[in-house]
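Hi,

Here's the structure I promised to pass along. Have a look, and my notes on what turned up are underneath.

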Amino acid sequence: MTTATAQRQLPVVMAINEALRQLMQEDPNVFLAGEDVALYGSVFGFSRGLLDEFGPERVVDTPISEAALVGLGVGAAATGLRPIIDIMFMDFMGVAMDQIVNQAAKMRYMFGGKARLPLTIHTMAGAGLNLAAQHSQSLEAWFCHVPGLKVVMASGPYEAKGLIIAAVHDDSPVIVVNNKALLGLAGHVPEEMYEIPLGQAAVVRPGTNFTIIATGRMVQESLAAAEKLLEHGIDAEVIDPRSLVPLDTATLVESVRKTHRALVVHEAVRFGGFGAEIAAQLQELAFDYLDAPVGRVGAPFSPVPFSPALEAHYVPNADRIASEVLRLLGRAG
Amino acid sequence: MTPAPETLLDLHRRMLRIRLFEEEAGRLSEAGRIPGALHLYVGEEAVAAGVAAHLGPGDQVTSTHRGHGHLVAVGGDFRRMFAELFGRATGYCRGKGGSMHIADMDLGMLGANGIVGGGPPIAVGAAFSNKYRKTQNVTACFFGDGASNEGSFHEAANMAGLYRLPLIFVCENNGFGEFTRQDRHQAIRDIADRAAGYGFPGVVVDGMDVIAVYEAAGEAIARARRGEGPTLLECKTYRFYDHVGVRGMGVVYRSDDEVRAWRERDPITLLERRLAELGILDAAGAAAVRDQVQAEVREAVAFAESSPFPDPSALTEDVYAS
């Protein structure tokens with residue numbers, strides 16, 4: 001039996017809010033800075049109420065200046081604070097790329113280990129809200145390729161809270177990606193502070209004869225796909241890596257040894273995406289256990305379209321995931 | 001008003017330390033004894049010295065490609081600096097940073113920077129941190145005329161002005177963004193004019209006159225420590241050598257005559273003349289300081305060259321904090 005607390009349900013947006021509040025209560029060196037995060041409470045609503053509780057020194061509205069905003073985090077982290085920098089939409093990270101890639105990611109290494117950079121960059125990714133090509137991207141692969149950055153993606157409220165707490169506690173720069181289409185998704189979230197350790201995947205649905213590895217919002221779609229696959233007698237295991245860097249390769253390999261087949265699913269463009277890295281690693285580390293090539297589902301090689309009619313085809317969904325599993329098994333989808 | 005004799009001697013020593021470090025680094029580079037690219041600060045010593053003389057423990061500096069001078073000015077250790085230029089394990093960055101990323105976190109020197117305009121946003125962060133922690137510390141952000149065209153500078157200046165951060169923007173206007181003369185890369189003459197757009201004062205100073213820099217920086221830094229916000233201090237200066245490397249004369253983008261004319265206003269010579277006039281330091285006294293610093297340079301080079309290279313096992317260390 002679970003207690004009333006354990007059963008408490010929160011949407012993702014409130015899980016983030018609670019995590020930020022607890023982090024700021026815990027450590028006076030933690031502050032939040034970003035565009036519209038203070039007075040307005042963020043355009044997504046995740047920082048509502050924080051200005052009232054912590055004041056404008058710790059919940060800081062900034063100009064629309066992503067480079068200076070990330071630099072604010074880099075300089076503050078290097079001098080002893082623990083900043084949480086919000087980049088409203090992941091698409092805007094391009095504007096701050098130098099500070100993220102050339103400054104934040106490399107400072108510790110370039111200085112021979114002398115710098116400590118407990119910097120968290122929080123951002124919203126994902127399509128599905130008809131926001132078109134400049135407000136809908138999933139660009140996590142860009143950052144996974146840069147040594148020095150850790151990258152985590154939340155698939156629901158429990159993960160959203162636990163990952164951002166782990167990120168802020170970490171002494172390295174961590175990019176925390178939430179998916180805007182999931183903000184209203186409710187689920188069980190413990191009231192107390194807890195961390196999801198970076199580099200520890202979760203088997204969200206144990207299964208016996210197929211492995212689906214999915215990130216972010218695609219975890220929910222993959223769980224739905226697993227239900228459909230049951231009708232075909234396929235008991236799929238769904239794994240959420242939760243952190244892409246560091247990646248819990250061991251859990252993925254262990255699953256493939258059991259199921260002998262794997263499909264990687266992400267919302268980002270498939271070509272050059274993070275799924276290619278997972279597929280390559282599985283083929284390197286579990287080749288003898290694989291009965292079929294590792295499959296990949298991702299977005300087509302195009303910018304995110306505006307029209308709902310097109311966007312519905314752009315974002316992978318449970319049907320596509322299920323039919324790709326069936327195809328890999330040599331069955332009609 | 002002339003600064004006190006001990007201040008003048010301190011400025012002289014800081015400049016000489018930069019000059020002799022740099023001249024030696026240039027020789028070593030020409031001789032192929034140190035790897036990579038070297039961006040020498042020679043000619044611009046008055047700027048780093050005049051600003052750094054006002055900085056102390058807890059203050060920070062963000063730097064540029066031409067960063068050795070800033071590190072020497074705040075008290076950088078010659079041995080660890082040369083060792084870093086040689087790529088040795090005993091270097092400031094254990095051989096991972098080199099000339100373009102040399103840093104000393106303990107001295108608040110947050111790194112030379114290989115990216116033009118990379119420093120100003122970080123300086124905003126350091127200054128924000130000083131204000132947040134309610135220290136009286138300030139951050140000096142060195143950048144060049146070329147960097148003043150980068151968006152990052154403008155974003156940083158806007159934010160620093162908005163939050164009235166304890167920050168001093170020090171523009172080392174040496175007349176060239178890499179190899180492109182100022183009038184070919186910006187329509188304005190005084191970069192200090194840009195401060196008005198961000199709500200804080202801009203001051204132009206002769207960057208070859210260390211006393212002028214010292215006095216102007218003193219006012220700006222005092223203002224920052226009082227909580228009155230940033231100042232943009234533009235120091236008109238000149239690099240005696242090339243953008244990268246040591247040639248300095250006979251290159252297509254500037255004339256030998258021009259280099260010679262600026263060398264007539266060598267900041268160290270100018271100060272030594274003044275010190276002699278004031279009876280504080282004569283030629284023999286100046287030579288003695290020079291010999292002393294030169295000996296220190298020689299000893300540091302010997303230390304660096306005899307230091308081990310990093311072990312290959314260090315290659316992937318310190319990617320993340322543990």
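A quick bit of vocabulary before the sheet: two strands count as paired if DSSP finds at least two bridges between them. Also keep in mind that this is a predicted model.

With that in hand, start in chain B. E1(B) and strand E2 (residues 139–144) of chain B are joined by three bridges, in the parallel sense. One residue to click on is B:Gln60, whose bridge partner in E2(B) is B:Thr139.

Zooming out, that pair belongs to an open sheet of five strands in chain B, ordered E1-E2-E3-E7-E6, and the pairing is parallel. At the edges sit strand E1 (60–62) and strand E6 (202–206) of chain B, each pairing on one side only. From one strand to the next, the twist averages 20°. Helix H5 (residues 119–132) of chain B packs on this sheet and touches E1, E2 and strand E3 (167–173) of chain B. The direction of H5 makes about 170° with that of E2(B).

Now over to chain A, for a helix pair. Helix H3 (residues 66–78) and helix H4 (residues 97–104) of chain A pack with their axes 7 Å apart, at an angle of about 30°. Angles under 35 degrees count as roughly parallel, so H3(A) is roughly parallel to H4(A). Which residues make the contact? From H3(A) they are A:Ala67, A:Val70, A:Gly71 and A:Val74, and from H4(A) they are A:Gln99, A:Ile100 and A:Ala104. By type, that contact has five nonpolar residues, two polar and no charged.

Cheers

Technical notes
Residues are numbered from 1 along each chain as its sequence is written. Chains are lettered from A and ligands numbered from 1 in the order in which they are written. This is a predicted model: local features need pLDDT of at least 70, side-chain atom pairs count only at pLDDT 80 or more; totals for chains, interfaces and linings use all residues. Side-chain values use heavy atoms; hydrogens and water are left out. Axes are lines fitted to C-alpha atoms, for helices over the stretch in contact, and angles run from 0 to 180 degrees between N-to-C directions. Helices (H or I, at least four residues) and strands (E, at least two) are DSSP runs, numbered from the N terminus. Angles under 35 degrees count as roughly parallel, over 145 as roughly antiparallel, 65 to 115 as roughly perpendicular and the rest as oblique. Contact means heavy atoms within 4.5 Å. Ala, Val, Leu, Ile, Met, Phe, Trp, Tyr, Cys and Pro count as nonpolar, Asp, Glu, Lys and Arg as charged, and the others, Gly among them, as polar.
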